[in-house]
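Let's walk through this structure together, one part at a time. Keep the sequence and the 3D view open as you read.

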Amino acid sequence: MLFSELSPFASSFSSIIVSEIGDKTFFITAILGMTYSMSLVFIGSYTAMVLMTLLSCFFGFLLPQILNPTYTHTLASVMFFYFGQKLLREFWSSENNENDDEEQEAVQEVNKVKSKLSKQSDTKNVSNLEILRAAIVLTFLAEWGDRSQITTIALATEDTFVVLVGALLGHFICTSTAVLGGKMISSKISEKYIHLCGGILFILFGLHNIKMLL
């Protein structure tokens, strides 16, 4: 009984950790945190994550209501296997500087926002509301359609509330880490091995869903 309650929680929590550490959203939050108030950036970024997670879990809850559970588990298995093989392929083909592309994309996104804000006032005088808005919008747009969102939707078809709690905790840890020292931490962690762990994890998720179909 305890294992059945912990399993969706552990699945959602671990999937967020392996999906978010070192991705574009992580770097966006880290760069904003180095530029503006860390507390405001955390509130803005985490608010976006909460909104995205609530929306994803709602979709996950809704799917079994309108589709046969067999179809939802089949779709979830396909998505898990797809992300699993994609991560494993990235693991085999990645080099030690695999974080660079994600970081460059994040820098470009943040620079666009910073240039808009600088037209209104200098960095030190940017209002708290503008910082919050930038963090929320950048994070939400970066997460839309991301691997973690699709995974949360798939996991939430089983136990929506437990998956919601696990995902929110995972996002809290990732967002806090990014704000407090994301750039330094990402340089110490090899995303190559995060891809390996993530790939194995998603393959196991897929196998779990197939088992539920039998």
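**A helix crossing and what surrounds it**

Helices H3 and H6 cross in a right-handed sense. Their axes come within 8 Å and meet at roughly 40°. If you would like to see who makes this contact, look on the H3 side for Leu40, Val41, Ile43, Gly44, Ser45, Thr47, Ala48, Met49, Leu51 and Met52, and on the H6 side for Asn128, Ile131, Leu132, Ala135, Ile136, Thr139, Phe140 and Glu143. Sorted by class, the contact holds twelve nonpolar, five polar and one charged residues. To find the two helices in your viewer, select residues 38-66 for H3 and residues 128-143 for H6.

Isoleucine 136 is a good place to zoom in. This residue sits in helix H6, and apart from neighbours within four places in sequence, isoleucine 136 is in contact with Gly44, Thr47 and Ala48. Is isoleucine 136 buried or partly exposed? Its relative accessibility is 28%, so isoleucine 136 counts as partly exposed. Another pairing to look at is isoleucine 136 with leucine 51: 85 residues separate them in sequence, while their C-alpha atoms are 9.6 Å apart in space.

Now a step back, with a word on confidence. This is a predicted model, and the chain averages a pLDDT of 79, with 76% of the residues scoring at least 70. Which elements mark the two ends of the confidence range? Helix H3 has the highest mean pLDDT, at 93, whereas helix H5 (residues 99-120) has the lowest, at 60. Over residues 1-6 the pLDDT is below 50, and this stretch has two contacts in the model beyond near neighbours in sequence. Where pLDDT is low, the predicted coordinates should not be read in detail.

The overall layout is easy to describe. The protein chain has nine helices and zero strands, which reads along the sequence as α-α-α-α-α-α-α-α-α. Of the 214 residues, 46% are buried. Take the contacts between residues at least 6 apart in sequence: 93% of them join residues at least 24 apart.

Further along H3 you reach leucine 63. With a relative accessible area of 29%, leucine 63 is partly exposed. Setting aside neighbours within four places in sequence, leucine 63 is in contact with Thr72, Ile153 and Thr157. The pair of leucine 63 and isoleucine 153 is 90 residues apart along the chain, yet the C-alpha separation is 8.9 Å.

Isoleucine 153 leads us to helix H7, where this residue is among the buried ones. Why can helix H7 (residues 147-155) be described as largely enclosed by the rest of the structure? The reason is that eight of its nine residues are buried. Those eight are Arg147, Ser148, Gln149, Thr151, Thr152, Ile153, Ala154 and Leu155.

Leu155 in turn points us to serine 11, which touches Leu155 and Phe205 when residues up to four places away in sequence are not counted. Serine 11 lies in helix H1 (residues 2-20). Its relative accessibility is 13%, so serine 11 counts as buried, the cut-off being under 20%.

Helix H8 (residues 160-188) gives us two more residues to visit, and valine 165 is one of them. At 35% relative accessibility, valine 165 counts as partly exposed. Between the C-alpha atoms of valine 165 and proline 8 there are 9.6 Å, although their positions lie 157 residues apart along the chain as a separation in sequence. Leucine 169 also belongs to H8, and at 36% relative accessibility it counts as partly exposed. Not counting residues up to four places away in sequence, leucine 169 touches Phe9 and Phe13. From leucine 169 to phenylalanine 13 the C-alpha distance is 6.7 Å, with the two residues 156 apart in sequence.

Finally, a look at cysteines. How many disulfides does the structure hold? The count is zero. Cysteine 57 has 3% relative accessibility and so counts as buried. Cysteine 174 is buried too, with a relative accessible area of 4%.

Key: Residues numbered from 1 in each chain as written. Predicted model: local features only at pLDDT ≥ 70, side-chain atom pairs only at ≥ 80, totals over all residues. Heavy atoms only, no water. Axes fitted to C-alpha atoms, helices over the stretch in contact; angles between N-to-C directions. Helix = DSSP H or I, 4+ residues; strand = E, 2+ residues; numbered from the N terminus. Left-handed = near helix turned anticlockwise from the far one by under 90°. Contact = heavy atoms within 4.5 Å. Nonpolar A, V, L, I, M, F, W, Y, C, P; charged D, E, K, R; others polar. pLDDT = per-residue confidence, 0-100. Disulfide = S-S within 2.5 Å. Buried < 20%, exposed > 50% of the residue type's maximum accessible area, 1.4 Å probe, protein only.
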